[in-house]
Structures are given as C-alpha cells and as structure tokens.
Amino acid sequence: MTGGLYSRLIIACAILLSVLLTGLGIVLGQFFPLFSNESGLDLQRKYWLFLIVTLVLAFVLAFFIATRMMLQYARPIDQVTKTAVQIARGDYLARTQTDEFEFDNELAVAIDKIGNNLQEMSMLRTMEKERLKTLIESMGSGLLMFGREGSVNLLNGVFEKTFGFSKSEVIGKTFKSIGLPTDIENLIEEVFMTEQVHEKQVRVDVGGVSSYMSVYGAPVIGHHGNWLGIIVVLHDITKLVQLEEVRKDFVANVSHELRTPVTSIKGFTETLLDGAMEDPVILKEFLGIIQKESDRLHYLIDDLLALSGMERDGFSLQFTAVNLNAVIEDAIRGVSGKLERKSMDVLVTIPDDFILEADADRLIQVMVNLLSNAINYSKEQTKITVTVKKRQDDAVIEVRDEGIGIAQSELPRLFERFYRVDRARSRESGGTGLGLAIVKHLVEAHGGTVDVKSVMGQGTAFQIRIPMQQVEKQSV
Ligand SMILES: Nc1ncnc2c1ncn2[C@@H]1O[C@H](COP(=O)(O)OP(=O)(O)OP(=O)(O)O)[C@@H](O)[C@H]1O
Ligand SMILES: [Mg+2]
C-alpha cells in the first residue's frame, strides 16, 4: 500500500464505513426482541451472533470497496501527484506509469505530455546554450559583457588570449578594475554613460607586442526595452593596419622613384635650353643622361604595370609542357649584352630535356630577373652557375653568383617592393627594387617558393622550387 494522501483518505473512509455499519448493526440489534419470542439467554446469543456476522460482513464489504477504489482511483492519483512533484522539481524524465493500474484518466496523460514537452524544451535550451557558447567562442573576435550592475558576466577565449586574462580573474569585476588599456576603459565608460553605441580604433600593447583593435561597445536592451548591460566586441585589425601602411609606403615609394628621374630630366633639359646646348660636348653628355633617366622611368612603369597586372583578379598563367633547357637558354640570351660588358660567364648544369608544366614566358621573366641581379651585384669576370635538379615532385632551379653578397639582416625584406640593400648602387645599375617582388609573385603563381642564401663578399644563391605538374590551373 502506498502512503499517498488519497490512499490514506480511502482507508479512513473504509474504517468509517465499517464503524457506521457496525453502529447500524447495534442499532438494528435493539429491535431484535421485537421480532422474536425466544427467552433471554437464547435471544442474547442470537443477538451477539447477528452482531458478529454483521460486523464481519461490514468489514469484508468495506475492505472490498476500499480495495477497488484504491486500485481504480487513489493509487493512480497518488502516482500522478508524485510524478507532477518530480517534474516540478526539474526531473523532466519522470512519467506517471499508470498502465499497471486499471486507470485511464486525462490527468496522467496530460502530466506525461507536460513531462515530454518540458524535456523537449530543456533539450532545446541546452542545445541553444551550447550553440551560443560555441558561437561566442569561435567568433574570432574578443567579447566582453557587463551586467546591469556594471560587472563582467561573460567573456570569451579570444578576449582571454588577447589580454592574457583568465575567466576567473575577470568575471564579477567592474571595468575599471580589470586592467584594460585606458582607451578601451574610456570607451566602456562612454557607453555606460550615454547608453549609445561607440566604436574606436585602439593600439594595444600586451607583453611587448603591439596590435591594433577595432573596439565596438553597445548597450544591451531587453525585449521590453529595459537596459541589461553593455557588450564590447574587440576585433583585431593589425593586418589591415599593416596593409594600409604598406599601401602608404608604396605610394610614397612610387612617387619618390618617379620624381627622381623626372627631376633629373627636367634639370638637364632646362640647363640645355638655358644655353648649354650650344656646347656639343655638354649637349651629348646631357642627352645621354636624359636618355638613361627616361629608360629608368620606362622600366619603372613597365615593372609597376607588370606587378599590378599580376595582383589583379583574373591574372592567370598559361601552363604548357615547357622545356626548361630552352627557357634558361632564352634567359641567358636576354642578358648576354650585360654578361659581355662585365666579361662574365654562366655555367648551366641541367638534365637533358627537362620538361615541366609551367608558363614559359613568365619563367623566362623570372630567370632574366635573377640573372640580371647576379650580374649587377657581382664584380667583373666572375662566374654565375645555374643548376637544375628534380627533387621529389618539384623542379629546383638555383642561380648562384660570386658577387657582393647580402647581409643576413637584409634577407627577410628582400622580396618587398622597392626594397634595395644599397639604394645608390642599385640606382647606378638602373634598378627599381621591383625585380625580386615580381620573381616572388610569378613563382608563387606557379605554386612554388623562392629561397635565398648569401654570404657577404662571397656570393648569393637564389633557389626556386616549382611543382613539375600543376594540380590545377592557378590564378593570382
Ligand atoms: N644576387 C644578388 N647579390 C647581391 N645583392 C642582391 C642580389 N639580388 C638582389 N640583391 C639586392 O636586393 C635588392 C632588390 O633586388 P631587386 O631585383 O628586387 O631590385 P633591383 O635589382 O634593385 O631593381 P630591379 O627592379 O631593376 O630588379 C637589390 O637592390 C640588391 O641590393
Ligand atoms: Mg633586380
């Protein structure tokens, strides 16, 4: 028997019913002598017998009715009540299990349905929570949220990593006590004061490393327009800022590089017009300078156009089966004038008929640039060696000279546009500082890499690695 309220009520009713029936038997027993003419002792015995039978019958009847009622109503209701209490406590998996009873009532069905619905809702909530957590953690930007009372109640991993804080250090703190950079603190204060969106670019120095952040602060407004706190999103824009710097440098460099020959041409032309052209020797010398400077301008503009063409969307290479032996021959032919002028030689070591999938014209352009550098930055009568090998699935081309060499500290910047180790010397050789940038672009467009090794005073070796086969047509 269960100890439920309804079961106890029914047992109490059964006892009450048996007491009532017994009482009724006693009352009816008073009328017993009226229906009998037997003498005192017999009558009393029969009276007691009748009383005992009535009592037993009353108990049996009460027991039967109580058992039926308990099975049909009381226990199921107690069970449903127990289940409802469990569900109310948050155990959404609890069910009424009334099948074992002869019971079919809507209450149990409804409670089970509530249980099902709550379980579904709780699963959905858990899923939503997980999804939100994943989103916050994987959003790539730092996130910080302050509650209405002004203390932190949420932050993500990116924020922790950016500032080197841990969640436990920050949660519950006010914005002034976290130790954020002053600019970010000021922005948060402004959002708290004005309840308006604020955005700012700030420079953050953490552990000796500088980065740039776009900080966005906004008030969080609930469904009913009530103010719930503020949210701060920090987006790392260091790369963008650096790109912007590169762009500014580029414009400054181009302007400078264009101005130098133009100033020179203008100066010499004016001097000639002012009367110097009367002297044929000066005239010839100045015209020579003007021609040289115009050539520089011409090369510079050609290189700039080539680079911008390569960087434009849709630039693609024409891949065909290329004979590298022929490519190297063509490139050497292209620099033969310079080689002759400096009495230099090129020694080529390459397997016969070395075929790879590449853009022949671009490969010649790469080789001409590397050979020109090897000539320009070497003394007369030195040697250049070009070695080609197949390593795994790549062709490795090395151009080695016995020239002036490049300091180790200069190597990382060598492939930047306009970067020249010795500006004066490079300008002397007509260089613009764009050659290696073009080489790098073209090699990477082939899916390859460029590497450089150098020893000051002994020489430099540029090594290009290009896949023998192109996986797919590349475009840069
Ligand atoms: N083989 C080399 N030996 C020594 N220094 C080199 C060599 N190749 C390149 N450099 C250095 O690297 C710098 C950049 O080379 P890059 O080819 O990009 O420009 P450049 O030769 O000055 O001009 P251009 O655009 O006409 O090629 C050169 O100015 C030079 O200082
Ligand atoms: Mg060059």
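Let's start with contacts: among those in the protein chain with a separation of 6 or more, 60% join residues 24 or more positions apart. Do keep in mind, everyone, that this is a predicted model.

Now, the overall dimensions. The C-alpha trace spans about 175 × 65 × 35 Å along its principal axes. The radius of gyration of the protein chain is 48 Å, whereas a compact globule of 476 residues would come out near 23 Å.

What is this chain built from? You'll find 14 helices and twelve strands in it. The domain assignment splits the chain into domain 1 (5–116), domain 2 (139–236), domain 3 (241–311) and domain 4 (320–467). Between the C-alpha centres of domain 2 and domain 3 there are 51 Å.

On to the surface. About 28900 Å² of the protein chain is exposed, with carbon and sulfur atoms supplying 58% of that. Of the 476 residues, 37% are buried. As for charge, we have 50 positive and 62 negative side chains, and the centres of those two sets sit 4 Å apart.

Let me finish with one residue, Thr96. Where is it? Look in the loop between helix 2 (40–88) and helix 3 (106–138). Is Thr96 buried or exposed? Its relative accessible area is 0%, so Thr96 counts as buried. Leaving out residues up to four places away in sequence, Thr96 touches Gln79, Val80 and Thr83, along with Ala108, Ile111 and Asp112. And if you scroll along to Ser454, 358 residues from Thr96 in sequence, the C-alpha to C-alpha distance between the two is 83 Å.

Conventions
Residues are numbered from 1 along each chain as its sequence is written. Chains are lettered from A and ligands numbered from 1 in the order in which they are written. This is a predicted model: local features need pLDDT of at least 70, side-chain atom pairs count only at pLDDT 80 or more; totals for chains, interfaces and linings use all residues. Side-chain values use heavy atoms; hydrogens and water are left out. Helices (H or I, at least four residues) and strands (E, at least two) are DSSP runs, numbered from the N terminus. The radius of gyration is taken over C-alpha atoms; the globule rule is 2.2 Å times the number of residues to the power 0.38. Buried means under 20% relative accessible area, exposed over 50%, partly exposed in between (1.4 Å probe, protein chains only). Contact means heavy atoms within 4.5 Å. Accessible areas come from the Shrake-Rupley method with a 1.4 Å probe; for residues, only the protein chains shown count as cover. Lys and Arg count as positive and Asp and Glu as negative; His and the chain ends are not counted. The place of a charge is taken as NZ of Lys, CZ of Arg, CG of Asp or CD of Glu. Domain bounds come from an automatic or database domain assignment.
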